[in-house]
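The following exercises concern the contact between two chains and the charged pairs within one of them. Please inspect the structure before reading each solution.

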Amino acid sequence: MGLGLLASRLIRPQKTAARNLLLRSIVTKPELQSAEPATTPQPDLPPRTPLGGARVHFPNPDDAIEVFVDGYPVKIPKGMTVLQACEVAGVDIPRFCYHSRLSIAGNCRMCLVEVEKSPKPVASCAMPALPGMKIKTDTPVAKKAREGVMEFLLMNHPLDCPICDQGGECDLQDQSMAFGSDRGRFTEVKRSVVDKNLGPLVKTVMTRCIQCTRCVRFASEIAGVQDLGMLGRGSGEEIGTYVEKLMTSELSGNVIDICPVGALTSKPFAFKARNWELKGTETIDITDAVGSNIRIDSRGPEVMRITPRLNEDINEEWISDKTRFCYDGLKRQRLNDPMIRGADGRFKAVSWHDVLAVVAEIAHQVKPEEMVGIAGKLSDAESMMALKDFLNKMGSNNVWCEGNGPSPNADLRSGYIMNSGIGGLENADVFLLVGTQPRVEAAMVNARIRKTVRGSNAKVAYVGPPTDFNYDCEHLGTGPETLTEIAECRHPFCSTLSNAKNPAIIVGAGLFERSDKDAIFSAVEVIAKNGNVVRPDWNGFNVLLLNAAQAAALDLGLVPESSQSIESAKFVYLMGADDVDLEKLPNDAFVVYQGHHGDRGVYRANVILPASAFSEKEGTYENTEGCAQQTLPAVPTVGDARDDWKIIRALSEVAGVRLPYDTVGAIRSRIKTVAPNLLSVEEREPATFWASLKPDVTKKMSSTPFEAAIDNFYMTDSITRASKIMAQCSALLLKK
Amino acid sequence: MLARIVATRLLEIRQSLRLTPQHIDTADNNPDLPWEFSAANKEKETLADMISCRYAIGDAAYHFQYEPSIKWPLDVRVALLVSMGEALALYSCTVVKEIVSHYPSNYKQSAVIPLLDLAQQQHGGWLPVSAMNAVAKVIEVAPIRVYEVATFYSMFNRSPVGKYHLLVCGTTPCMIRGSREIEDALLKHLGVKRNEVTKDGLFSVGEMECMGCCVNAPMITVADYSNGSEGYTYNYYEDVTPKRVVEIVEMLRKGEKPLHGTQNPKRTKCGPEGGNTTLHGEPKPPPCRDLDSC
C-alpha cells in the first residue's frame with residue numbers, strides 16, 4: 001500500500017466512506033436493466049506490445065486476418081501460426097522445438113494452447129491461425145496441458161542442474177519453473193544415453209536431450225551438413241550421427257545456442273563460469289570482414305565466452321565458429337611491455353618513455369620516402385587515421401592496410417564494398433562467385449547465400465579453384481580465361497546471368513593481391529554491364545573483403561604512394577600487420593611492431609609497442625557491406641599495453657609532430673573530415689558512384705588461375721593463430 | 001535394499017532389451033565395405049524386366065553357366081562373362097529402378113523403406129551400414145536420413161540374424177494365450193538369448209508387436225532368409241504351442257517347409273475349433289417392414 005494512499009485514508013473522514021459504501025450497494029447498473037446483451041463486448045485489456053520485437057509485415061493488405069488472443073484482437077497476415085499470432089499479441093508461449101529460423105517440427109508439445117471450438121489443446125507452433133480464431137493461453141486447460149507436457153519432459157531429464165553448464169540460461173529450467181508442476185509422479189528409472197563426440201567445440205551430454213530436434217534441423221537447414229539425425233524410437237530415441245562423425249561445419253557452435261537444454265554445450269567453456277557471473281559487453285567481431293554482432297561475456301579481466309547478438313542485416317542470430325571460439329587467443333602470446341631488441345637479438349623490456357624516444361629518433365634519421373606504415377587486418381579506423389596522419393606529418397605517404405594489395409583502388413567506394421548488402425543478397429536469384437570461397441572467407445555471408453539458395457532456388461556458379469560449398473554450385477572454371485569467356489558472352493552461363501532478375505556477382509578480395517587485378521575487375525564490370533547487374537533499383541556488384549580493417553582503410557585513403565616502397569624502406573611501422581611479405585625488406589631497415597600478439601610480425605621487429613586487442617578498446621570498424629560499427633571495451637588491457645591510436649599520438653609528440661587530437665571524440669571528428677560515413681554507426685552507407693567513371697584498363701589479364709585466399713578457416717589472424725581451440729579445430733576438422 | 005536390487009535388475013533388463021541405435025563397428029558392419037544391390041532380386045521383377053533380362057543374358061550364357069561340359073574357347077568365355085556381368089548389373093538395377101519408379105521423381109526418398117527391405121532380404125536379413133549407404137545413394141539423400149528410418153522401424157535388423165528369424169508376437173492377446181512360454185521354449189531349445197544367433201547361423205529369435213493375428217493367438221512369424229531375396233518368405237504360424245514351435249524349428253532345420261497358418265488341426269483358418277457353431281445355413285435376410293401393406 002502506497003504512502004499516499006495511507007495518508008489519504010487518514011485524512012478522509014470515516015463517515016463519508018461508510019456512506020459511500022451504503023450508496024454504492026443500491027446503485028443499479030444500466031446495462032443490467034437492458035434486456036439484450038451488449039452488442040460488442042469490448043475487452044477491457046491494456047494494449048500489449050509484441051514480444052521481442054516481433055514484426056508484423058503484411059505482404060498483401062487483403063490477406064490480413066483478425067484473431068483473438070485471450071480476448072485481445074490482433075491483425076496478422078494470413079499464413080501465420082497461432083504461436084506467431086500470440087507473439088504479436090504480446091503473449092509468450094513456452095516452446096522448445098519451435099525456432100523462428102528453422103522449419104516447424106511440432107514435437108515438443110510445450111506450446112499447447114486452447115482454441116475455442118477445438119476439442120483438444122492445439123500445438124500452436126504448427127497450427128495456422130484462421131480468421132476469427134479465439135485463442136486462449138491462460139485457461140486451466142492450457143495450463144494443465146503445459147504442466148502435463150512438462151512432467152513428461154522431465155521424466156527422463158536428469159536433475160543435474162547444479163553440474164550443468166546450461167544452468168541459469170536453460171529454457172527447460174526456466175519453463176519448468178514457470179509452467180511446470182512442483183512434483184513429478186515418475187518413480188521408475190530414468191533412461192541414460194551414450195554421449196556423442198561431435199568434435200572439439202560442442203560438448204554433448206545426451207541424457208539431458210529432450211529430442212526437440214533443433215540441432216538436427218539447424219545442421220541440415222542452416223549449416224548444410226547432413227550429419228545429425230534422430231535415431232531409434234520411443235524411449236530409445238536419441239540424437240546422433242549413427243556412424244562416428246565429427247560435425248565439420250563452420251557454424252557448428254550455434255547448436256550450443258539453439259539447444260534449449262544442456263545437451264549441447266560449449267566444450268571450451270565447460271565448467272568455467274556461470275552465466276550470472278558474467279558481464280556482457282555488446283560489441284562486434286573482427287575476425288572476418290562481416291562484423292558479426294557479438295556479446296563478449298567476461299569475468300574480471302578474462303574473456304570467458306563470445307555469443308552472438310541479433311542483427312537481421314548482418315549475422316541474423318548466428319556466428320561462425322572462428323568468431324565464437326577465438327577468445328582463448330586473447331589470453332595467449334600477448335605483448336605486455338614495450339621492448340627493444342638488443343645487440344644479442346633478444347628483446348628487453350623497457351619503459352614507454354625510452355621506447356618512444358628510440359623510435360622517434362630513428363624515424364627522424366631516415367628520409368621521409370623511406371618510411372613505410374602498414375596497418376594490420378585487425379586495425380580500427382581511429383588508429384589507421386592516426387597512423388596515416390603521423391606518417392604524412394613525417395613527410396611520407398607510404399601507408400596501406402594489409403590485404404588491400406600493392407595498388408589498392410580507393411577512388412570508387414562501389415569497387416570495394418558489398419553493394420547489395422549482406423541482407424540484400426537474399427533478393428538475388430543468380431550468384432556468380434569470382435575468386436572467392438565465402439564459406440571460409442565470410443561464413444555468415446555464405447550462410448546468407450545458402451538461405452537464398454534454399455529459399456528461392458537461386459543458382460550459384462563460381463570461378464576459382466575447385467572447393468566444396470554447402471549448396472548446389474556450378475564450377476565454371478578456375479581462372480581469368482573463364483572470366484573472359486563470360487565477359488565476351490561465349491559461355492553458357494551468360495544466358496543464365498542475363499535471364500536473371502536480380503543477378504549478384506561476388507568478387508573475392510583475395511584478387512586484390514594479384515598484379516592484374518585492374519584487368520580482372522574491368523572484366524567483371526563488363527560481365528556486370530552485360531548481365532544488367534547494376535540498375536537503379538538493384539546493385540548486385542559485390543566485393544567480399546577478407547579482413548575487418550580493409551573497408552575502413554580504403555575509406556580513409558590508406559593507399560601507398562609507390563607499390564614498391566617496401567624494397568627501399570628504412571623505417572617500417574607495422575601496426576598489427578603480420579601477414580605482410582617482408583622478404584624484400586632491406587636488412588638494415590628498422591621495424592617497429594605495434595600490436596597485441598607476438599605473432600609473425602614480431603620476428604623481424606626491432607621494437608615492440610604493446611597495443612590492446614579489440615576486446616579491450618573502443619574502435620570503429622567498417623564491414624564488407626560498408627556498415628560502420630564500434631567495439632566496446634569488455635576487459636582491461638593486458639600489462640602496459642595502450643590503445644593503438646594513443647601510442648601513435650604519443651609517438652607523434654615525442655617525434656615533434658604532435659597530432660591534434662587527445663580523445664576518441666577528437667580523432668573521430670578528424671575522421672569525419674575524411675570519411676564521414678565511419679561515424680554513422682550501425683548504418684549502412686551505400687556507395688554513390690558506379691565504376692563507369694573509371695578509366696579504361698589496357699592491361700591484359702594473366703592466365704594464372706585464381707588461388708584460394710584463405711587456406712585455413714580457423715587461423716587467419718594473430719588472435720586466432722594464438723588460440724588453442726582454433727588449433728584443435730584446424731587439426732581435427734579440416735579436410736586433409 | 002531389495003527395492004534397489006529390483007531397480008538395478010529392471011534397468012539391466014531394459015538395457016538388454018534395447019538395441020542401441022548407434023552403429024557398432026564390427027568386421028562385417030564397416031561403413032567402408034562395398035555394397036551393391038545384387039541380381040538376386042528375381043521375385044520383385046516385373047514381367048517386362050524378366051523378359052528383357054533373360055534376353056540380355058542370352059541362351060549361350062545359360063549354357064555356359066549350366067552346361068560346363070561344353071568346351072568354349074577362352075575368348076568367348078571372357079566375352080560371355082563380361083556380357084553376363086553387364087546384364088546382371090542391368091538386371092539388379094532394373095529391380096531397384098522398378099521400386100523407385102513407383103514414386104514421383106522429385107520425391108525419390110519415398111522409396112527408402114522398400115529399398116531397405118530389398119537390401120535386407122538380399123543381405124541375409126540384416127542391414128549393414130554399407131547397405132544403408134547404398135540405399136542413400138540410390139534415393140539421393142544424405143546417409144543419416146536413411147539411418148533415421150532404419151533405426152526407427154524394428155523390422156529392420158541392424159545386426160546379423162539367423163537364416164530363419166523367428167519372431168514371437170508379444171502383444172497382449174498373444175501374451176495372455178502364452179507367448180512367453182512359446183518364447184521360452186524356443187530359446188531353451190535353441191540355446192540362445194533373445195536377438196542372438198545360434199552357432200550354426202540358422203536361427204535367431206526376436207520379439208515383435210501385434211501382427212494382427214489375435215484371433216489365432218499365440219503366433220510366431222518365420223522370416224526365411226535362407227534363399228536370398230528371391231526365395232524370401234515371411235510366414236505366420238498360428239495357434240502354436242511350446243511343443244509345436246520346437247517341431248517347426250526342427251522341420252526348418254531339416255529343410256522342410258512346415259505348413260503355415262493355424263497349427264491347430266481342428267481349426268480352419270480363423271474359424272472356431274470343431275467347426276462353426278453359428279452361421280450353419282444361409283443367413284436370414286434382415287427383417288424389413290412390409291412396404292406394400294402401408
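**Exercise 1.** Determine how many residue pairs are in polar contact across the interface of chain B and chain A.

*Solution.* The rule finds six such pairs, both residues at pLDDT 80 or more. A polar contact is a pair of N or O atoms within 3.5 Å; within protein, one must be able to donate a hydrogen and the other to accept it, and residues adjacent in sequence count only if both atoms are side-chain atoms. On the side of chain B that touches chain A, helices H1 (2-17), H5 (129-139) and H6 (143-152) of chain B each supply at least two residues. H6(B) gives the most, namely six.

The model is predicted: local features need pLDDT of at least 70, and side-chain atom pairs count only at pLDDT 80 or more, while totals for chains, interfaces and linings use all residues. Residues are numbered from 1 along each chain as its sequence is written, and side-chain values use heavy atoms, without hydrogens and water.

**Exercise 2.** Establish which parts of chain A the salt bridge between Arg208(A) and Asp160(A) ties together.

*Solution.* The side chains meet at 2.9 Å, N to O; a salt bridge requires a side-chain nitrogen of Lys or Arg within 4 Å of a carboxyl oxygen of Asp or Glu. Arg208(A) lies in the loop between strand E6 (202-204) and helix H7 (214-223), and Asp160(A) in the loop between helix H5 (140-155) and helix H6 (171-179), so the pair joins parts 48 residues apart in sequence. Both residues are buried (under 20% relative accessible area, 1.4 Å probe, protein chains only).

How values were computed
Chains lettered and ligands numbered in written order. Helix = DSSP H or I, 4+ residues; strand = E, 2+ residues; numbered from the N terminus. Buried < 20%, exposed > 50% of the residue type's maximum accessible area, 1.4 Å probe, protein only.
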